[in-house]
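Please open the model in your viewer and keep the selection tool at hand. The tour below proceeds stop by stop, stating what to select and what is found there.

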Amino acid sequence: MDLLGALEALRRPLYRDLFPLAVGEAAADRRALRELTGQLDDYLLPRLRDIDAPLLAVVGGSTGAGKSTLVNSLVGADVTEPGVLRPTTLVPTLVVSQADHGWFMGQNVLPGLSRATGSGPGALRVVTSDALGAGLALLDAPDIDSVVTSNRELAAQLLAAADLWLFVTTAARYADEVPWSFLRSARERSTALAVVLDRVPPDAVEPVQRDLTRLLAENGLEGTRLFTVPEAPLPDEKARLPEPYVEPIASWLAGLAADAAERSRVVRQTLSGALDSLDVRVPALAAAVERQQTAFDGLRSIVTAAYAGGMADFDAGMRDGSLLRGEVLARWQDFIGTGDLMRSLESRVGRIRDRVVGFFTGRVPEAQLRDALESGVGSLIRGAADGSAERALEGWSAAPGGPGLLERLGAVDAARLGRASPDLGKRSEAAVRGWQEFVLDLVREEGGERRTAARVASFGVNGAGLLLMLAVFASTGGLTGIEVGIAGGTSVLSQKLLEAVFGDQAVRTLTVRARDDLRERVRLLLEEEAGRFTAVLETVEPPGGTAEALVEAVAQVRSHRTALPAASTRPALPAQRPTPEPGMPPGPKEGARGRAGGVEESP
């Protein structure tokens, strides 16, 4: 793997939103992700694919600093649209030489910006100018402090895609914080930089320039190339600056275009600085991804605990005798009678067994008891599912990242999530019927033994199976008064009769197997219910191992950094011309590049 391959590997985990949850500084994390992917796509990857491609100089700065006027003045044509209304630069304009036109019209640089129309948001207007030499392009960017958010973001994106910043400020606003935040970013990433101090009153050139030089040094930018453009009276806002005012900048840019070695050195410095910045930016991004993963794990654990609680509720419902109330109890009492049951448990099991046999052979339809049991178990399942959903929703509402996730889901869908799913009734009915069939199979299996065949036959498979189903719910915790006697007697009688048929050890084994099978079926139902919550997580959760992949990828980039030559901490730009006397614009320099060439808009 080479350096380009390492950067491509770094880009792959960044294809999606890695910060869907509002945890920590999520907004800042999302912005850092956009900036990193933008610089990879717009600058690092294209530049490494062609290290000797034309140099891109972005003209950036605050609103009203005169960026568009400066660009028009440098190329000697109206290629951008300056104005007094804010924001001014709405569509970025890229000025290139005819020789470089094909390169910039392709997707080599800023692939996310269309070159097709050049008139709407997200577009890049490309014009050619004979005033620019091959190997250098100028891009007029939107204001870094634009009142339009998308313009500010685009300005930052374009500056991150530049080989060189030509940063424009004014005598009135050079100390503002917003420009300095960008300049410090240039320092941190070792971006090649030149500053244009524009609109300086003639009597303030020396003190303002001295103060700006001081501020540059205090912010770690000592030695930065500084151009001063005196204030000039212009007939209207679209007029260009006098040629002598911009001649030092034009001459310097022409020198860059003509000197391939110097151009390459500037490119490599900015490229090296951008690569070095990954050592800080990517680990910070990976740590933020880990915070997201921790939040996702927390939300998932809330769901797991909620539905584990639902399973515990079901277990309690199986053992507390509550299932033997209502319809199940009524169907049982139709034959047994409470008083007869309690008086006969010890001394008259045989007689009661005969009456139960009659119960299961037609005098009272066994289907009624079986249906009542099925309905009771279904209600128990529904209650466990509703309770679990409610607990999970409440847990999410209070957990880091949960409220935002529910808000994204919408109030209606979130409310539905807090109840059992509408089709749970059908699924639980099928599960209980499957369990009943399993119990009957257990009875058939046990009844196949010679020692129990006759006794099972005396009850019938369905009768013995129903007794076994009742025995699953064999405790009376939670019932009071007469209910204890009735429900408890029901389950105890079932136990006694089963023991008479199969023997006590076999009954214990059969009951455990029947209970475990029912629990497993209910567990699967609740797992499906919990899946509604986890499905919400899975739609937005970054792939597992993303943080580790980022750390590994940046380590690979670091290990291949020797593929580029080392660069100095600041660009050694051409020597600065003497500063003109206050009020005196610099005169034209012999041999300076001409600006008479025509300008045409690209098709």
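Select residues 565-603, where pLDDT (the predictor's confidence in each residue, from 0 to 100) stays under 50. The model nevertheless has 90 contacts for this stretch beyond four places in sequence, a contact being heavy atoms within 4.5 Å. Next, select residues 335-349, where pLDDT also stays under 50 and the model has 28 contacts beyond four places in sequence. This is a predicted model, in which local features need pLDDT of at least 70 and side-chain atom pairs count only at pLDDT 80 or more, while totals for chains, interfaces and linings use all residues. Residues are numbered from 1 along each chain as its sequence is written, and side-chain values use heavy atoms, with hydrogens and water left out.

**The whole protein**

Now display the entire protein. Its mean pLDDT is 80, and 75% of its residues reach 70 or more. There are 21 helices and 8 strands; these are DSSP runs numbered from the N terminus, with helices (H or I) of at least four residues and strands (E) of at least two. Of the 603 residues, 53% count as buried, where buried means under 20% relative accessible area, exposed means over 50%, and partly exposed lies in between (1.4 Å probe, protein chains only). Among contacts between residues at least 6 apart in sequence, 82% join residues at least 24 apart.

**Helix 1**

Select helix 1, residues 3-11. Its buried residues are Leu3, Gly5, Ala6, Leu7, Ala9 and Leu10. Against which helices do the buried residues of helix 1 pack? To see them, add helix 2 (26-49), helix 9 (260-319) and helix 21 (546-559) to the selection.

**Strand 4 and its partners**

Select strand 4, residues 136-140, in which 5 of 5 residues are buried. Both faces are covered: Leu136, Leu138 and Asp140 lie on one side, and Ala137 and Leu139 on the other. Add strand 1 (residues 55-61), which pairs with strand 4 in the parallel sense over 5 bridges; strands pair if DSSP finds at least two bridges between them. Here Val58 stands opposite Leu139. Then add strand 2 (residues 93-96), which runs antiparallel to strand 4 and is joined to it by 3 bridges. In this pairing, Thr93 stands opposite Asp140.

**Helix 5**

Keep strand 4 visible and select helix 5, residues 149-160. This helix has 12 residues and reaches 17 Å from its first C-alpha to its last, close to the 16 Å expected at 1.5 Å a residue; the expected span is 1.5 Å times one less than the number of residues. Its buried residues are Asn151, Leu154, Ala155, Leu158, Leu159 and Ala160. Their cover includes helix 2, strand 1, strand 4, strand 5 (164-170) and helix 6 (177-188).

**Aromatic pairs**

The structure holds 4 aromatic pairs. Rings of Phe, Tyr and Trp (its six-membered ring) pair if their centres lie within 6.5 Å; planes under 30 degrees apart count as stacked, over 60 as edge-to-face and the rest as tilted. Select Trp165 and Phe167: their ring centres are 6.3 Å apart and their planes stand at 25°, so the pair is stacked. Trp165 is buried at 4% relative accessible area, and Phe167 is buried at 1%.

Next, select Phe227 and Trp252, a tilted pair with 5.3 Å from centre to centre and 50° between the planes. Phe227 lies in strand 7 (residues 225-230) and Trp252 in helix 8 (residues 243-258), so the pair ties together parts that are 25 residues apart in sequence. Phe227 is buried, with a relative accessible area of 4%, and Trp252 is buried at 5%. Finally, select Tyr307, Trp396 and Phe533, which form one aromatic cluster.

**The loop before helix 8**

Select Leu241, in the loop between strand 7 and helix 8. Is Leu241 buried or exposed? At 12% relative accessibility, Leu241 counts as buried. Among the residues that Leu241 touches, beyond four places away in sequence, are Thr69, Leu70, Ser73 and Val229. Leu241 and Glu231 are 10 residues apart in sequence and 9.1 Å apart in space, C-alpha to C-alpha.

**Two positive phi values**

End with Ser190, in the loop between helix 6 and strand 6 (192-200). Phi of Ser190 is near 55°, a positive value in a residue other than glycine. Arg199, found in strand 6, also has a positive phi, near 55°. At 40% relative accessibility, Arg199 counts as partly exposed.
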